[in-house]
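Me: I would like to go through this model with you, beginning with its surface. Could you take my questions one at a time?

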Amino acid sequence: MSHTFVVSDLHLSDAQELDPDRPLWKRFKGRDLFIDESFCRFLDHIDELAGDEEAELILNGDVFDYDSVTKLPENPEFTIWWLERARGLAPEEQKSLFKMQVILRDHETFVAGLQKWVLAGRRLIFVIGNHDIELHWPKVQQAIRDALEIPDELQEQIVFCEWFYVSGGDTLVEHGNQYDSYCVCPNPIHPTIHVRGVDRMRLPFGNIAGKFMLNGMGLFNPHVESSFIKSLSEYVVFFVRYQLRIQPLLAWSWFWTAMFTLWTTVTEGFLPALRDPFTMEDRVDEVARKSKSTPRVVRGLQALRVHPAHFSPLKLARELWLDRAILLGLLMLGTFQLFSFLNVFVNLSLWWWVLFFVVALPPFIFYARGVNSDVTNYQRQLKARLPQTAKLAGVKRLVLGHTHRERQVVEDELEVLNTGTWSPAYRDVECTIPFGRKCFAWLRPHPTKQGERVAELHEWLDAEGTAQLYGEPARRMAALPPAREGAAESAA
């Protein structure tokens, strides 16, 4: 393949209708913040960059955000239980199909852009991430094909890859959630489990938390970690400034959904994956064929995934703040028991219980301040595994997503790019301060070395209708001549 373009983390979901009483509730899902038109202009731009040469577009995971879809069917053909009505449908095939249809209906412009791309003879590759893990369902994939209305002779131009894709024999494209213990899919070859008589996708902890917790706390932006991973003082300030009027019972909403998140993660995490022993090897061969690799690479990359967090319930409880909530509750109960015991012998004011509680509080504060989120551990896991990943896949370059942080680095002769995010990620509740940049990776023929390709990270500048080389690589790449006449001016 001459030209490969990679984007990730679009997080397309259903549109949130404005609530006059709560105008900031899930503001990030407002239709006016959709990227559809900008993305279509981006597709036109990269089509010009490729010119008459072959080109493929890789949508590298979290293109769709099924966990954020909360719309319900008017006349459902399936049973909907109470939690689904409050937090969104479960990842069962028929329910996932409905969510896919909702997203496609709300993003018709995006669909039209992809249709134009494929009809021009270009390839379209979907690499499944953690937020669109429901893309594994055959009916969901077919819904996308039907929406694109691609003729039969071009159907092979659309490919759905389980979790990675080898482009041009020199680049491994992977979403990156397999190196994140909170978001890893334990078995992307066989991702389904059997729950209460129904097959469903096994969701990672991060997705379950987002679905059950963040869907009920609409002022926290799920696309920016700092929105929901805060210190205690930051949570207090946020509550007083925003939540007190809109959601005064936030603490209760957090507690019961956190408990349910922990329970669901652990119970479903230990369920066996559904697999047919007569077709297991065929399944590995199928994954290898679609990803343009070999069964050996498929098994090796599966083995390189991190240990899923659902095997460490205490770790999950810390991440959910449940350990501190339970300890604080025990502290209050213990000091009240002490107060009650002493009150049998001496008539004490209730203020004595407050005093006992305050005196016993410093050890709890010391413990709470020492507990940090383990989300940052992802970078360490990633750095340790990427050299093995590249060696196993026989590539010299990796393109990732997942972190929503764009970058391009070369370490120990291994080039690593991250395309950041196109999602509605904002640092503030009002969605006025964007987080990150809309970047994409462009792999193009090397201008001087026959048979090799060069990788560039670009930032899409929608206001100017063009793109520019991003960050430090811009200075290094500036010395290279363009792939063909006019390409440099178009890219810069």
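Me: What area does the protein chain expose, and what share do carbon and sulfur atoms supply?
Reply: The protein chain exposes about 22900 Å², and carbon and sulfur atoms supply 57% of it. Accessible areas come from the Shrake-Rupley method with a 1.4 Å probe, and for residues only the protein chains shown count as cover. This is a predicted model: local features need pLDDT of at least 70, side-chain atom pairs count only at pLDDT 80 or more, and totals for chains, interfaces and linings use all residues. Residues are numbered from 1 along each chain as its sequence is written, and side-chain values use heavy atoms, with hydrogens and water left out.

Me: How much of the chain is buried?
Reply: Buried residues (under 20% relative accessible area; exposed is over 50%, partly exposed in between, with a 1.4 Å probe and protein chains only) make up 54% of the 492 residues.

Me: How many helices and strands are there?
Reply: The protein chain has 17 helices and 14 strands. These are DSSP runs, numbered from the N terminus: helices are H or I with at least four residues, strands E with at least two.

Me: Changing topic: how many aromatic pairs?
Reply: The count comes to 30 aromatic pairs. Rings of Phe, Tyr and Trp (its six-membered ring) pair if their centres lie within 6.5 Å; planes under 30 degrees apart count as stacked, over 60 as edge-to-face and the rest as tilted. One of the pairs is formed by Phe 5 and Trp 117, which is edge-to-face at 6.5 Å centre to centre, with 85° between the planes.

Me: Where do Phe 5 and Trp 117 sit in the chain?
Reply: Phe 5 is in strand S1 (residues 3–7) and Trp 117 in helix H4 (residues 108–119), so the pair links parts of the chain 112 residues apart. Phe 5 is buried at 0% relative accessible area, and Trp 117 is buried at 3%.

Me: And H11, which residues are buried there?
Reply: In helix H11 (residues 295–303) they are Val 297, Val 298, Gly 300, Leu 301 and Gln 302. Their cover includes strands S5 (164–167) and S6 (171–174) and helices H10 (280–291) and H15 (377–393).

Me: What is the phi of Lys 292?
Reply: Lys 292 has a positive phi of about 60° although it is not a glycine. Most residues other than glycine have a negative phi. Lys 292 lies in the loop between H10 and H11 and is partly exposed, at 47%.

Key: Contact = heavy atoms within 4.5 Å.
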